[in-house]
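Colleague: Please give me a close look at a single loop position, and then set that position against the rest of the chain. Plain terms will do, with the cut-offs stated as you go.

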Amino acid sequence: METFGRGPRRGQRPAPNENQRKKDSVARSQLNPSANLQTQRNTESVDGWQTFAGHRAQVMSLLLKLAGDASDPVPRRICLLGAGNCNDIDLPQLIHHFAEVHLVDLDRDALIAGTRTQGVAESEQIKLHVGMDLSGIVEQLGQWHTTPPRPGDYPAVVANARSATIPIAGPFYVVASLCTISQLIDAVLIASGQPTQESITLALAVRDRHLELMEQLTQPGGHLVLITDVTSSATVPDLNVIPVEQLPVKLIEMINTRNFFTGLNPFALLARYRQDPEWESRAESAELSAPWIWNLGPRQYIVCALTVRKPVH
Ligand SMILES: C[S@@+](CC[C@H](N)C(=O)[O-])C[C@H]1O[C@@H](n2cnc3c(N)ncnc32)[C@H](O)[C@@H]1O
């Protein structure tokens, strides 16, 4: 794993072991079909700045509501999980409103290119955390592409997913996940082949750990913002022509007909933070945004955001 921003500054020569680590990480990801799939998807959407405009406006509106101002006693830091090409965030605006902007992704090249494209690669406020595996199991999933898993292989991988961690020094006032949880779950389902009870259990373990990681990175009284795609035009062909005011009703229809990505019913996630005895104490408040459409070019997604305020104590 690599962490930019906390290591040598750009332009400085990294220590030899740091150099080796970078080579190892890149080599690993080139051999790993699960990581490759993410890189390939990022390559396909690298020029998405224009098509992402509406989606980016929604994401930025949510994030800027949580930004601080000059009167804040402690400058606010934000951490963005799955920042990838950074097409869904406006980095100059973020560095204007947050003291530090931490960008996390498995895909090193996407993060570096994204910050260069937006002209902020040299900013001291931008901290890149590249080669970070948010699922904790990308290596194992990669192996399953060549050697399909047997039921007995799952418990150890579920345990690894449940203990996934990333070496980033929090806490942050805002931790946002940028349509990444669906990718983490999709990676499990693709590597597993046919959906089975075991693969669903693993997918849900990855989902729950992602939420826990977000909580751990968030400071008391801060906010975690889970932005997630819920379903796509692959199963709702008219998604792009539904008037925006009808989207909330359409979303409910999709949920009622079980037309949503595995584990990503936003109402069920909200209900957990509001009603589930185990999760309720982890949230001071929990709100679901109105849905919006993310146009990815060839495909559209219906997206919404769950914002959870972490208790102060
Ligand atoms: C749908 S993209 C998010 C869009 C992105 N913010 C953009 O504007 O291009 C999901 C991101 O999650 C990243 N990702 C997928 N699996 C990951 C993992 N296991 N660990 C870390 N990042 C991962 C991908 O590399 C990708 O950049």
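Modeller: R258 counts as exposed because it has 7 C-beta neighbours inside 10 Å. The rule is a count of other C-beta atoms, placed from the backbone, within 10 Å of the residue's own: 20 or more is buried, 12 or fewer is exposed, and anything in between is partly exposed. This is a predicted model, in which local features need pLDDT of at least 70 and side-chain atom pairs count only at pLDDT 80 or more, while totals for chains, interfaces and linings use all residues. Residues are numbered from 1 along each chain as its sequence is written.

R258 sits in the loop between α10 (247–256) and α11 (266–275). Helix and strand labels are DSSP runs, numbered from the N terminus: H or I over at least four residues for a helix, E over at least two for a strand. The backbone of R258 has phi near 55 degrees, a positive value in a residue that is not glycine. Most residues other than glycine have a negative phi, and most peptide bonds are trans.

C179 also has a positive phi, about 50 degrees, and is not a glycine. C179 lies in the loop between β4 and α8. With 20 C-beta neighbours inside 10 Å, C179 counts as buried. In the loop between α7 and β4 (172–178) is P171, and the peptide bond leading to P171 from G170 is cis, with omega near -5 degrees.

Another exposed loop residue is V74, with 9 C-beta neighbours inside 10 Å. V74 belongs to the loop between α3 (53–65) and β1 (77–81). From V74 to T43 the separation is 31 residues in sequence and 38 Å in space, C-alpha to C-alpha.

Now the chain as a whole. The protein chain has twelve helices and eight strands, and 42% of its 313 residues count as buried. Its radius of gyration is 19 Å, which agrees with the value near 20 Å for a compact globule of 313 residues; the radius is taken over C-alpha atoms, and the globule rule is 2.2 Å times the number of residues to the power 0.38. Along the principal axes, the C-alpha atoms fill a box of roughly 55 × 55 × 40 Å.

One helix pair can be described in detail. The axes of α7 (residues 154–162) and α9 (residues 197–217) come within 8 Å and cross at roughly 10 degrees. That makes α7 roughly parallel to α9, since angles under 35 degrees count as roughly parallel, over 145 as roughly antiparallel, 65 to 115 as roughly perpendicular and the rest as oblique. Axes are lines fitted to C-alpha atoms, for helices over the stretch in contact, and angles run from 0 to 180 degrees between N-to-C directions. Contact requires backbone-placed C-beta atoms within 7 Å. On α7 the residues are Y154, V157, V158, A161 and R162; on α9 they are E198, T201, L202, A205, V206 and R209.

Last, the ligand. There are 25 residues around the ligand, and G82, G84, N85, L106 and L134 come nearest; a residue is near if its backbone-placed C-beta atom lies within 6 Å of the molecule. Helices α2 (33–44) and α8 (181–192) each supply at least two residues of this shell, and α8 gives the largest share, three residues.

Terms used
Contact = placed C-beta atoms within 7 Å.
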